[in-house]
Amino acid sequence: MSTSPLENLSQEVTRLLATIESFDSLAALVDAEASIIGKRSALSSLQKSLGSLDPDARRDAGARLQEARRLVDDAFAKRREVLSANARSAQLEQDRIDLGDVVVASIRWPASTGHASLVASTQRELEDVFVSMGFTVSDGPEVESDWYNFEALNIPPAHPARGMWDTFYVELGEPETVVLRTHTSPTQIHLMENAVSSSTLPIHSVMPGRCFRRDTPDARHLATFHQIEGLVVDRGITFADLAGVIETFTRAYFGPDISSRLRPAYFPFTEPSAEFEITCTICRGEGCRTCSQTGWIELGGCGVLDPAVLSAVGIDGEVWSGFAFGFGIDRCAQMRHQIADMRALTENDVRFLEQFS
Ligand code: FA5
């Protein structure tokens, strides 16, 4: 008895469907297309074998084979669709671009992204010099009461020395009782008060900060400028200690080639007092417009603390003594970098600023 060529058709269909499902790469599925649904496929071979059947059996077998082909073709098409979609997603994932990166990469950043101003970096350098000499760094308010800015510094109202500082008054409280500090010296008073109340004498500290005066800006003056105050309160302090600190500072900050001198001066809160000057670095002492033809530039004032100031804050002048100094930070920057006119520090000319990056 002859067997039908389609005897194992359903097993063959099951095997083909499983084979199709087993592909997980589109390329491999496409490669196998001819052997699954093409001319070299098992179903095509069966098609050819139907020729030996009688017409009725052939028609019947042809219909079954067609149905089998439809199932396999559909499964193949579906699998191809799934694998194509997977391949597309994989490609998209690979081509994915982080727009954040694109924006950052396409912005042309300026060659220089800014830096501390010359005054700020000078302040830091000065702090470093004094810290290396054993000083701490302290801070104080820019708006002061008349008492801290003047009275506690031995400058009572109507004292002629008030004329040394052309003052900006703040409209607050009684007239002329609140000021924009004209110097950093009031911070000395805060520091001494704190040390007395917390019993932390001695003091070795510098106090940098912004000051304000109704000065007309010129080659050596600004209306808003910076000072660095120094204060030492300890046992047995004399003018010689002050002179030693100033000499050490000058060598450390300006180098050994710059000459400095102390000239007798008057400040109501120190006695004796002095003005600290260095050779003008612009003309090297020859005389120029910046130093008003004197060959010297004043960097600050200094002196031994007046006992009246110590007693105003409750420090026993029989036990403790001290000295103070106040240097112009802008002046130090000007001399260190040979800037003929101090107003350049505030004009924000990029060609000037870029020299100090
Ligand atoms: C004082 O301000 C005193 N408080 C200094 C002092 C402190 C004396 C402690 C004794 C003890 P004077 O007014 O001279 O002093 O200012 C000190 C320095 O600040 C000047 O030498 C200068 O370098 C700087 N300075 C003063 N006014 C200006 C200004 N308008 N612009 C820029 N720098 C200035």
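Me: Where is Ala85 found?
Reply: In this predicted model, Ala85 is found in helix α5, a helix that runs over residues 55-95.

Me: Is Ala85 buried, exposed or something in between?
Reply: Ala85 is partly exposed, because its relative accessible area is 30%, and the partly exposed class lies between the limits of 20% and 50%.

Me: And how far apart are Ala85 and Asn348?
Reply: They are 60 Å apart in space, taken from C-alpha to C-alpha, with their positions 263 residues apart in sequence.

Me: Which domains is the chain divided into, then?
Reply: There is a domain 1, covering 9-95, and a domain 2, covering 118-356, and the centres of domain 1 and domain 2, taken over C-alpha atoms, are separated by 94 Å.

Me: Back to α5 for a second, what about Arg58?
Reply: Arg58 is found in helix α5 as well, and with a relative accessible area of 37% Arg58 is partly exposed. The C-alpha atoms of Arg58 and Asp74 are separated by 24 Å, the two residues being 16 residues apart along the chain.

Me: Changing topic to the ligand: how many residues surround it, and which are the closest?
Reply: The ligand is surrounded by 26 residues, of which the closest are His183, Arg213, Asp215, Leu222 and Glu298.

Me: What do Asp215 and Leu222 each put next to a ligand nitrogen?
Reply: Asp215 offers an N or O atom of its side chain, which is 2.8 Å from a nitrogen atom of the ligand, whereas Leu222 offers a backbone N or O atom, which lies 2.8 Å from a nitrogen atom of the ligand.

Me: Which residue has a polar backbone atom 3.2 Å from a ligand oxygen?
Reply: That is Gly300, whose polar backbone atom is 3.2 Å from an oxygen atom of the ligand.

Me: How much of the ligand does the protein bury?
Reply: The protein buries 96% of the 670 Å² that the ligand exposes when taken alone.

Me: Where does the ligand sit, and which elements give two or more residues to the shell around it?
Reply: The ligand sits in the largest pocket, and the elements that give two or more residues to the shell are α9, β5 (224-234), β8 and β9 (321-328). The largest share of that shell comes from β8, which gives five residues.

Me: OK, backbone oddities now. Which residues does a cis peptide bond join?
Reply: One cis peptide bond joins Leu201 and Pro202, with omega at about 5°, and Pro202 is found in the loop between α9 (185-197) and β4 (203-212). Another joins Glu271 and Pro272, with omega at about -5°, and in that case the proline, Pro272, is found in strand β7, residues 270-279.

Me: What about positive phi in residues other than glycine, where does Ser292 come in?
Reply: Ser292 has a phi near 55°, a positive value although the residue is not a glycine, and Ser292 is found in the loop between β7 and β8. Arg284 also has a positive phi, of about 55°, without being a glycine, and Arg284 lies in the loop between β7 and β8 (296-305).

Me: Are Arg284 and Ser292 buried or exposed?
Reply: Arg284 counts as exposed because its relative accessible area is 52% and the exposed class starts over 50%. Ser292, at 43% relative accessibility, counts as partly exposed.

Conventions. Residues numbered from 1 in each chain as written. Predicted model: local features only at pLDDT ≥ 70, side-chain atom pairs only at ≥ 80, totals over all residues. Heavy atoms only, no water. Domains from an automatic or database assignment. Helix = DSSP H or I, 4+ residues; strand = E, 2+ residues; numbered from the N terminus. Buried < 20%, exposed > 50% of the residue type's maximum accessible area, 1.4 Å probe, protein only. Near = heavy atom within 4 Å. Polar contact = N/O pair within 3.5 Å; in protein donor to acceptor, adjacent residues only side chain to side chain. Areas by Shrake-Rupley, 256 points an atom, 1.4 Å probe, with all protein chains shown as cover. 1 Å grid on protein atoms, 1.4 Å probe; cavity = no way out; pocket = protein on both sides within 12 Å on 5 of 7 lines; lining within 4 Å. Sits in = over half its atoms within 2 Å of the grid points.
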